[in-house]
Amino acid sequence: MKIIVDADACPKTVLQICIKMALEYAIPVWTVASFNHNIVSDHHVVVGNASQEADIRVMNLALAGDVAVTQDWGLAAMLLGKGVRCLNPDGREFNTTNIEFLLEEREAKAKFRRGGGRTKGPKKRVQEDDRKFEVCLQDILNRTN
């Protein structure tokens, strides 16, 4: 088992939590990011700047039983299909029940924006988000080990 972090848009505090918990559970952390990011990790994979390049590498690294951290709902859906447990940096676990709703919501908002509408961006990250992420990751690791 390994933790794979889609590190292109991952907050540094989330990466630090992943590394800390991986040490506790004696599992490796793999990070994947474009060359535009400076990430320090024992297992870091640098990809180009092309669209979806990091996502493709995450998919190729992931195996059933792994844990992935990503904000990308589409990537999470594909990883769930491979038997990978997924969560986002805010501490929300993706599963087969909620991913369909999230993808439908994403499509509806994209359609609204294409029609000239405006949607709100994500809320500003707060310390509580780190706490929720750590609790969720620990729960997933406890269930998996």
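Contact here means that heavy atoms lie within 4.5 Å. In this predicted model, the buried residues of helix α2 pack against β1 (3-6), β2 (29-34), β3 (43-47) and α3 (73-81).

Helix α2 spans residues 53-61, and its buried residues are Ala54, Asp55, Val58, Met59 and Leu61. They lie on the same side of α2, because the arc they cover around the axis is only 165°. An α-helix has 3.6 residues a turn, so residues three or four places apart point the same way.

Asp55 is one of the buried residues of α2. Its relative accessibility is 11%, and the limit for a buried residue is under 20%, so Asp55 counts as buried. Leaving out residues up to four places away in sequence, Asp55 touches Asp6, Asp72 and Leu75.

Leu75 also belongs to the packing of α2 against α3, where the contact is made by Asp55, Val58 and Met59 of α2 and by Leu75, Met78 and Leu79 of α3. By class, this contact has five nonpolar residues, no polar residues and one charged residue. Two packed helices are described by the angle between their axes and the distance between the axes. For α2 and α3 the angle is about 15° and the axes are 10 Å apart. Angles under 35 degrees count as roughly parallel, so α2 is roughly parallel to α3. The crossing of α2 past α3 is right-handed.

A second helix pair is formed by α1 (residues 12-25) and α5 (residues 127-144), which pack at an angle of about 30° with their axes 10 Å apart. That angle makes α1 roughly parallel to α5. The crossing of α1 and α5 is right-handed. On the α1 side, the contact is made by Thr13, Val14, Ile17, Cys18, Lys20, Met21 and Tyr25. On the α5 side, the contact is made by Asp130, Phe133, Glu134, Leu137, Gln138, Leu141 and Asn142. Sorted by class, the residues of the contact of α1 with α5 are eight nonpolar, three polar and three charged.

Lys20, in helix α1, is among the residues that make the contact with α5. Lys20 is partly exposed, because its relative accessible area of 39% falls between the limits of under 20% for buried and over 50% for exposed. Between the C-alpha atoms of Lys20 and Gly116 the separation is 44 Å, and the two residues are 96 places apart along the chain.

Beyond helix α1, the chain enters the loop between α1 and β2, where Ala26 is placed. Most residues other than glycine have a negative phi. Ala26 is not a glycine, yet it has a positive phi of about 55°. With a relative accessible area of 69%, Ala26 is exposed.

Helix α5 also holds Ile140. Is Ile140 buried or exposed? Ile140 counts as buried, because its relative accessibility is 0%. Apart from neighbours within four places in sequence, Ile140 is in contact with Val67, Arg85, Leu87 and Glu93. Measuring from C-alpha to C-alpha, Ile140 and Cys86 are 8.9 Å apart in space, and they are 54 residues apart in sequence.

Technical notes:
Residues are numbered from 1 along each chain as its sequence is written. This is a predicted model: local features need pLDDT of at least 70, side-chain atom pairs count only at pLDDT 80 or more; totals for chains, interfaces and linings use all residues. Side-chain values use heavy atoms; hydrogens and water are left out. Buried means under 20% relative accessible area, exposed over 50%, partly exposed in between (1.4 Å probe, protein chains only). Helices (H or I, at least four residues) and strands (E, at least two) are DSSP runs, numbered from the N terminus. The arc is that of the directions from the helix axis to the C-beta atoms. Axes are lines fitted to C-alpha atoms, for helices over the stretch in contact, and angles run from 0 to 180 degrees between N-to-C directions. Angles under 35 degrees count as roughly parallel, over 145 as roughly antiparallel, 65 to 115 as roughly perpendicular and the rest as oblique. A crossing is left-handed if the near helix is turned anticlockwise from the far one by less than a right angle, and right-handed if clockwise. Ala, Val, Leu, Ile, Met, Phe, Trp, Tyr, Cys and Pro count as nonpolar, Asp, Glu, Lys and Arg as charged, and the others, Gly among them, as polar.
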